[in-house]
Amino acid sequence: MPDTSPIIKFANARICNAETPVIFDVSMEVCKGDFVYIVGKVGSGKTSLIRTMIAENPLTEGTGTVCGFNLAGIRENDIPLLRRRMGVVFQDFQLLMERSVWDNMDFVMRCTGWKDKLEIRQRIEKVLKDVGMATKAHKMPFQLSGGEQQRVAIARALLNDPEIIIADEPTGNLDAATSDEIMRLLRGINREHGTAIVMVTHNNQIVEQYPGRVFLCADKQCIEKTSENQQQQ
């Protein structure tokens with residue numbers, strides 16, 4: 001039988017920014033194949049929730065597991081192992097500007113334990129092809145458009161064949177047409193590979209155009225929006 005256990009699961013979790021609580025009593029499950037949006041106003045705790053998922057912010061109350069790792073009291077040595085099982089995409093791309101696209105990929109793979117040169121080359125070729133950047137491997141990031149840089153960032157997130165991609169405002173610095181390209185790319189990854197996507201966004205048009213599960217951060221809570229509670233609002 002296929003594994004249907006949640007990739008992410010929070011129960012009664014308190015989310016903090018530094019030591020300041022920003023969301024109380026979060027309960028959430030994300031399973032394989034889910035496409036999840038986290039929405040809310042600036043300062044509502046969206047990014048703090050994402051940072052908790054990747055073990056950048058500690059979980060001090062309640063329970064939380066991501067990719068089989070218990071976030072409450074996770075050991076420092078286990079955090080890199082957790083992050084190898086997920087891909088993370090940022091609004092500002094966070095590419096190494098002094099390295100080519102290929103070298104950005106190669107650097108990540110070597111840092112995450114890949115050693116065989118042939119396997120590294122084949123994996124880089126595959127992920128760059130998957131995001132439509134196979135012909136740009138020799139380019140430096142500053143030679144690419146914003147949309148192309150984000151495609152490279154998504155390719156980087158795919159290198160370790162992650163169970164889930166965490167995307168923090170991945171279209172925030174892009175124009176509408178390029179944002180649409182990135183959303184279609186993420187949707188394709190989600191549908192073709194079953195990779196779960198958790199995406200922070202403030203763009204309501206994207207949420208409407210590419211429907212998924214929606215969690216709203218507001219009033220120090222994070223609650224899934226359903227047809228029932230939408231009608232009550």
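**Exercise 1. Helix H3 and its end**

Task: In this predicted model, find which residues of H3 are buried and what they pack against.

Solution. Start with the list: the buried residues of H3 are Val101, Asn104, Met105, Asp106, Val108 and Met109. Next, look at what lies against them: these buried residues pack against H4 and H5. Finally, step off the end of the helix, where Gly113 has a positive phi of about 100 degrees just after H3.

**Exercise 2. A threonine in the loop after H3**

Task: Decide whether Thr112 is buried or exposed, and find which residues it touches.

Solution. First place the residue: Thr112 sits in the loop between helix H3 (101-111) and H4. Its relative accessible area is 19%. The cut-off for buried is under 20%, so Thr112 counts as buried. Now look for partners beyond four places in sequence: Thr112 touches Arg84 and Asn160. With Asn160 there is also a polar contact, in which the two side chains meet at 3.4 Å.

**Exercise 3. The span of helix H6**

Task: Work out how far apart the end C-alpha atoms of helix H6 (residues 176-193) should be, and check this against the model.

Solution. Count the residues of H6, which come to 18. The rule multiplies 1.5 Å by one less than the number of residues. This gives an expected span of 26 Å, and the end C-alpha atoms of H6 are 26 Å apart, so the two agree.

Now look at the two ends. At the start of H6, a side-chain oxygen of Asp175 comes to within 3.2 Å of the backbone nitrogen of Ala177. After H6 comes Gly194, with a positive phi near 75 degrees.

**Exercise 4. What covers H6**

Task: Name the buried residues of H6, then say which elements cover them.

Solution. The buried residues of H6 are Thr178, Ser179, Ile182, Met183, Leu185, Leu186, Arg187, Gly188, Ile189 and Asn190. A general rule helps in reading such a list: an α-helix has 3.6 residues a turn, so residues three or four places apart point the same way. For the cover, look to both helices and strands. It includes helix H4 (117-130), helix H5 (146-158) and helix H7 (204-209), together with strand E3 (35-40), strand E7 (164-168) and strand E8 (196-200).

**Exercise 5. The largest nonpolar core**

Task: Find which residues of the largest nonpolar core touch the most other members, and which element gives the most to this core.

Solution. The largest nonpolar core has 39 residues, and those touching the most other members are Tyr37, Met105, Leu128, Ile154, Met183, Leu186 and Met199. E3, H3, H4, H5, E7, H6, E8 and H7 each supply at least two residues of this core. H5 gives the most, with six residues. Apart from this core lies another, of 34 residues, among them Leu59, Ile166, Ala196 and Phe215.

For a closer look, take Ile154. Leaving aside neighbours within four places in sequence, Ile154 is in contact with Val89, Val131, Ile182, Leu185, Leu186 and Ile189.

**Exercise 6. Ala153 and Phe93**

Task: Find the contacts of Ala153, then say what the phi of Phe93 is.

Solution. Ala153 is found in helix H5 and is buried, with a relative accessible area of 0%. Beyond four places in sequence, Ala153 is in contact with Val89, Phe93 and Leu95.

Now turn to Phe93, which lies in the loop between strand E6 (86-90) and H3. Most residues other than glycine have a negative phi. Phe93 has a positive phi, near 70 degrees, and is buried at 10% relative accessible area.

Compare Asn12, in strand E1 (residues 8-17). Asn12 has a positive phi near 50 degrees and is partly exposed, with a relative accessible area of 47%.

**Exercise 7. The whole chain**

Task: Check the radius of gyration of the protein chain against that of a compact globule.

Solution. For 233 residues, a compact globule would have a radius of gyration near 17 Å; the protein chain has 18 Å, which agrees. Of these residues, 48% count as buried. To finish, count the elements: the secondary structure comes to eight helices and ten strands.

Technical notes
Residues numbered from 1 in each chain as written. Predicted model: local features only at pLDDT ≥ 70, side-chain atom pairs only at ≥ 80, totals over all residues. Heavy atoms only, no water. Helix = DSSP H or I, 4+ residues; strand = E, 2+ residues; numbered from the N terminus. Buried < 20%, exposed > 50% of the residue type's maximum accessible area, 1.4 Å probe, protein only. Contact = heavy atoms within 4.5 Å. Polar contact = N/O pair within 3.5 Å; in protein donor to acceptor, adjacent residues only side chain to side chain. Rg over C-alpha atoms; globule rule 2.2 N^0.38 Å. Core = buried A, V, L, I, M, F, W, Y, C linked by side-chain atoms within 4.5 Å.
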